[in-house]
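Let's work through a few short exercises together. Keep the sequence and the model at hand, and try each task before you read its solution.

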Amino acid sequence: PVPVGRSEARLAVFDDLPPAWALEARSLTVDGCAMYGVKWSPAKNSWITPIRDPESGKLMGWQEKSQTERFFRNRPTGVAKSKTLFGLNAFRGGTMIVVESPLDAVRLSSLGIFGGVSTFGASVSNEQIQLMKRADKLIIAMDNDDAGRKASKDLLDRTRKEGMECWFMSYEGTDYKDVGDMPEDLVELCIRGAKHSVFGEAAFL
């Protein structure tokens with residue numbers, strides 16, 4: 001059975017404001033969290049990132065990720081997160097920056113870099129690629145690890161087949177895994193240095 005959508009009231013049990021220590025641990029701001037509707041569950045010290053319908057913005061479910069332990073789950077089980085992009089409801093056109101983790105999109109916003117959306121992981125669906133066509137400029141910023149590089153190669157091939165122009169964020173000369181780990185000035189530098197897909201795999205390797 002297809003999981004039914006969840007009422008906004010289901011999010012009311014969570015705190016609107018993550019605690020200062022958690023914000024500091026992730027280098028996130030209150031405004032960045034508010035823009036993306038991120039909430040907090042004190043029960044497991046968990047971030048709550050909503051999963052919304054790409055057209056209506058209606059709540060489909062959420063991801064819960066603990067800040068203090070190895071705990072992660074999707075609610076409801078089987079929610080079709082592959083049919084949407086986290087943060088699409090906050091996207092206002094212009095440059096779209098695609099990251100794997102929802103909190104990395106929030107990190108970008110916390111730095112004043114807008115347009116971040118998340119694929120909820122390294123696997124990218126056809127529906128998500130179609131949603132990326134809403135961007136005036138598309139920057140792919142998958143993680144700087146084996147899974148992320150594999151995802152970037154896959155996206156290079158698939159966006160070409162779709163006739164889409166895109167850029168890949170450059171991790172060149174860094175050892176950081178993603179924008180969530182990077183210092184502020186380096187995030188901006190790596191995004192400004194994004195390489196056009198015309199360079200092929202050299203754009204992200």
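**Exercise 1: the surroundings of a serine**

The backbone oxygen of Lys-44 lies 3.0 Å from a polar atom of the Ser-66 side chain. Find what else surrounds Ser-66.

*Solution.* This is a predicted model, where local features need pLDDT of at least 70, side-chain atom pairs count only at pLDDT 80 or more, and totals for chains, interfaces and linings use all residues. Residues are numbered from 1 along each chain as its sequence is written, and side-chain values use heavy atoms, leaving out hydrogens and water.

Step 1: Place Ser-66 in strand E3; strands are DSSP runs (E, at least two residues), numbered from the N terminus.

Step 2: Look for another polar partner: the backbone nitrogen of Glu-69 is 3.1 Å from a polar atom of the Ser-66 side chain.

Step 3: List the contacts (heavy atoms within 4.5 Å). Not counting residues up to four places away in sequence, Ser-66 touches Lys-44, Asn-45, Ser-46 and Phe-71.

Step 4: Check the accessibility: Ser-66 is buried, with a relative accessible area of 5%, where buried means under 20% (1.4 Å probe, protein chains only).

**Exercise 2: the sheet**

Work out which strands stand at the edges of the sheet.

*Solution.* Step 1: Write down the order, E1-E2-E3-E4, of this open sheet of 4 antiparallel strands; two strands pair if DSSP finds at least two bridges between them.

Step 2: Strands E1 (39-41) and E4 (72-75) each have a single partner strand, so they stand at the edges.

Step 3: Inspect one pair: 7 bridges join E2 (residues 46-52) to E3 (residues 59-66), and Pro-50 stands opposite Trp-62 in E3.

Notes. Buried < 20%, exposed > 50% of the residue type's maximum accessible area, 1.4 Å probe, protein only. Polar contact = N/O pair within 3.5 Å; in protein donor to acceptor, adjacent residues only side chain to side chain.
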